[in-house]
Amino acid sequence: MFDSQTTLLLATVLFLVLPLMKWLILPRQGSWAADLWCLGGLMAGVGMVLLGLRPKVPVVVSFHVANTLIIGCFVCSAQSLRMSLGKHWTLAGWTGRMVLALLFYSALYEWTSDAWRGVLYRFTLGCLGVYTAFWAWRLSRHIHSLNAALIAGAHLVVGLSLMTHSVWTAGHIVDPSPFSNTWDASVISLVVLLMTVVTNVSYVGLVLDEAASDKLKAQQAQQAALQTQLLDTQLTHLEKRGRMAIVSGSLAHELNQPLTAATMNAQMAERQWTLAPAANPMLLRLLDQIEIGVERTVRILQRIRGENELVAQHHERVDLQAVLDRALEQMAPECHRLSVQLIQKRSPHPLWCVGDGLGFSQVVINLLRNALQAMATRSDRRLWLGCHAQQDRVMLVIRDSGPGMPTDVIERWGEPFQSSRHEGMGLGLAISREIVTRHQGQLQLRNHPHGGLEAVVSMPMTTGDAA
Amino acid sequence: MVQMGADEPQSLPQCVALVDDEEQITQALQTLLSFQGVSTSVHHSAESLLQSLQVRNGQLCLQLADGTAAALQAVVLDLNLPGMNGIDLVLTLRRLQPQLRMVMITAALEGALQARATDMQGVKVLAKPFGLESLEAALFDN
């Protein structure tokens with residue numbers, strides 16, 4: 001059997017030395033969590049010294065102060081772990097718990113016998129040990145740290161030992177001092193010693209794990225920010241290109257009509273002249289010049305259109321669910337600003353289409369932007385998002401709680417020459433419809449029977465492995 | 001939409017229907033065909049043409065501006081029409097008279113619609129602006 005006094009003395013020394021050493025050697029990261037953990041260790045150390053001095057110091061110090069310090073050790077440890085998880089108690093939470101603990105402690109002291117007080121005290125300590133173990137386990141899951149798992153294990157063993165011991169000795173008068181030399185005190189002291197070593201060593205590892213995890217997270221965040229920025233730039237560029245494509249297309253369309261008539265008329269005039277040559281031979285040359293001018297204008301228009309192609313030639317396999325997620329990330333600040341309630345009904349699987357991924361992003365962002373704009377002045381702002389497979393097509397549904405569209409507008413929406421006349425019906429919808437149509441898809445708008453505008457994109461679905 | 005007339009055994013003069021919402025285009029087409037001695041019937045929408053159609057002696061006919069009836073020989077139509085579009089008009093006319101010659105004229109930026117028109121069998125597609133020769137070839141060559 002171990003000599004419990006020696007074991008506990010050793011544990012006490014370790015409790016006093018290790019936290020101080022940790023506090024001195026751990027990298028200072030402006031984190032209160034490590035400071036709190038070290039403080040907890042010191043509190044346990046001092047508490048145990050006071051317990052050991054029981055015959056020599058007044059009972060207030062050797063019992064009340066010592067017990068409070070030991071309980072404080074567990075509380076600080078648990079709070080330190082919660083801090084690392086970003087779930088620390090608020091000041092009100094702290095105060096409330098302290099008041100409750102003091103009331104409980106006073107009640108215990110006033111109304112229970114020595115035997116039951118010892119039992120309840122050990123049981124409480126055991127509960128705190130398990131509670132600390134729980135938070136250490138959560139931290140280990142969160143940052144995938146073996147060291148946190150070891151801390152959880154050590155606290156669980158101590159907690160369960162204390163609880164078992166308290167239940168086992170319930171109602172019996174046992175020497176309340178852990179420094180007694182009974183066999184169960186020896187076991188507990190050994191467990192405490194092991195816990196001291198394991199938790200203190202593991203905590204150093206945990207801090208290093210946290211630092212590594214923070215660094216990794218920072219790198220990932222930086223990478224994500226870069227990707228978002230890149231996507232944003234690409235989309236801005238595409239938006240401009242889309243507008244140029246629609247504008248130059250509209251221009252070409254509109255100009256083609258008079259140019260066609262001019263070409264035909266010039267050619268007919270030429271034929272007429274050939275049939276009955278006019279008095280002035282200059283006429284034929286002038287007609288030729290008109291034709292050359294028209295031809296040149298047509299070529300310029302074709303070149304402008306060619307330079308402003310709407311959809312990239314490169315096609316790839318694209319998961320529309322991922323496209324929607326990325327677009328939502330992009331629009332998150334706006335959604336947050338407008339306090340929009342998102343109601344999503346999504347397939348749990350990826351939904352693959354083949355096409356221009358950035359073009360798809362542009363469509364989804366355009367539709368989301370329209371929906372948010374439609375709701376901007378409303379008090380009820382809800383956005384329904386659906387993405388699912390329907391037979392061999394991927395259906396993407398975006399519905400807002402805005403005012404919907406006037407009937408005459410909805411009938412002719414998306415036509416570049418019509419839409420620009422209506423406020424709020426910019427080129428975005430015309431661009432979106434053109435992109436979707438060029439992928440053999442359909443984009444439909446309708447006023448939902450329960451209010452708001454509903455946009456439905458239907459795209460041909462491809463199987464998971466088709467490229 | 002198509003009115004059924006009494007059967008008339010004698011052969012009717014022929015005409016070409018022009019369907020385009022652009023006045024300038026229909027005017028130029030009308031002038032060109034009048035030089036060729038071909039009668040024309042001008043419409044600015046698909047619905048207008050379909051309402052004017054009659055069936056005589058199993059043949060689609062139109063009433064010309066001078067009040068006489070003429071057998072429909074060919075249709076020159078725009079792809080992007082207000083209301084019913086050019087493709088739907090082609091499909092409707094083909095059901096009424098499968099051998100009818102049809103020339104579709106398209107402006108830029110009709111994207112997928114233009115691709116569908118190009119894929120249609122038996123319809124010649126001309127992109128605006130086009131020359132007289134190509135239109136004449138599409139209309140009159142076998």
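1. Which residue forms a salt bridge with D78(B), and how far apart are the closest N and O atoms? The partner is K128(B), and the distance is 3.5 Å. The two residues come from distant parts of the chain: D78(B) sits in strand β6 (residues 69-78) of chain B, while K128(B) lies in the loop between β8 and α5, 50 residues apart from D78(B). D78(B) has a relative accessibility of 2% and counts as buried; K128(B), at 5%, counts as buried too. The model is a predicted one, and the points below should be read with that in mind.

2. K128(B) has another salt bridge, to D20(B), with the closest N and O atoms 3.1 Å apart. This pair also links distant parts of the chain, with the two positions 108 residues apart. D20(B) is in the loop between β2 (14-19) and α1 (23-35), and K128(B) is in the loop between β8 (123-127) and α5 (132-140). D20(B) is buried, as is K128(B).

3. Chain B as a whole has five helices and eight strands. Read from the N terminus, its elements follow the order β-β-α-β-α-β-β-β-α-β-α-β-α. Of its 142 residues, 49% are buried. Among contacts in chain B with a separation of 6 or more, 63% are between residues 24 or more positions apart. Its accessible surface is about 6400 Å², and carbon and sulfur atoms account for 47% of that.

4. Chain A has 467 residues, of which 45% count as buried. Its elements are 13 helices and seven strands. For contacts with a separation of 6 or more, the share from residues 24 or more positions apart is 75% in chain A. Chain A exposes about 24800 Å², with 64% supplied by carbon and sulfur atoms.

5. Over all chains there are nine salt bridges. Side chains of opposite charge can pair when their charged atoms come close. One of the bridges in chain A joins R446(A) and E454(A), at 2.7 Å from N to O. The two partners differ in cover: R446(A) is partly exposed, at 40% relative accessible area, whereas E454(A) is buried at 11%. Across the two chains, R271(A), E133(B) and E136(B) are linked in a network of salt bridges.

6. Helix α9 of chain A covers residues 320-337. What span should its 18 residues have at 1.5 Å a residue, and how far apart are its end C-alpha atoms? The expected span is 26 Å and the end C-alpha atoms are 25 Å apart, which agrees. The helix nevertheless bends by about 55 degrees at M331(A), and a proline, P333(A), follows within four residues.

7. At the start of α9(A), a side-chain oxygen of D319(A) comes to within 3.0 Å of the backbone nitrogen of Q321(A). After the helix comes S339(A), which has a positive phi, near 50 degrees.

8. Which residues of α9(A) are buried? They are L320(A), Q321(A), V323(A), L324(A), A327(A), L328(A), Q330(A), M331(A) and C335(A). An α-helix has 3.6 residues a turn, so residues three or four places apart point the same way. The buried set includes M331(A), the residue at which the helix bends.

Notes
Residues numbered from 1 in each chain as written. Chains lettered and ligands numbered in written order. Predicted model: local features only at pLDDT ≥ 70, side-chain atom pairs only at ≥ 80, totals over all residues. Heavy atoms only, no water. Buried < 20%, exposed > 50% of the residue type's maximum accessible area, 1.4 Å probe, protein only. Contact = heavy atoms within 4.5 Å. Areas by Shrake-Rupley, 256 points an atom, 1.4 Å probe, with all protein chains shown as cover. Salt bridge = Lys/Arg side-chain N within 4 Å of Asp/Glu carboxyl O. Expected span 1.5 Å × (residues − 1). Bend = angle between axes of the 7 residues up to and from the residue. Polar contact = N/O pair within 3.5 Å; in protein donor to acceptor, adjacent residues only side chain to side chain.
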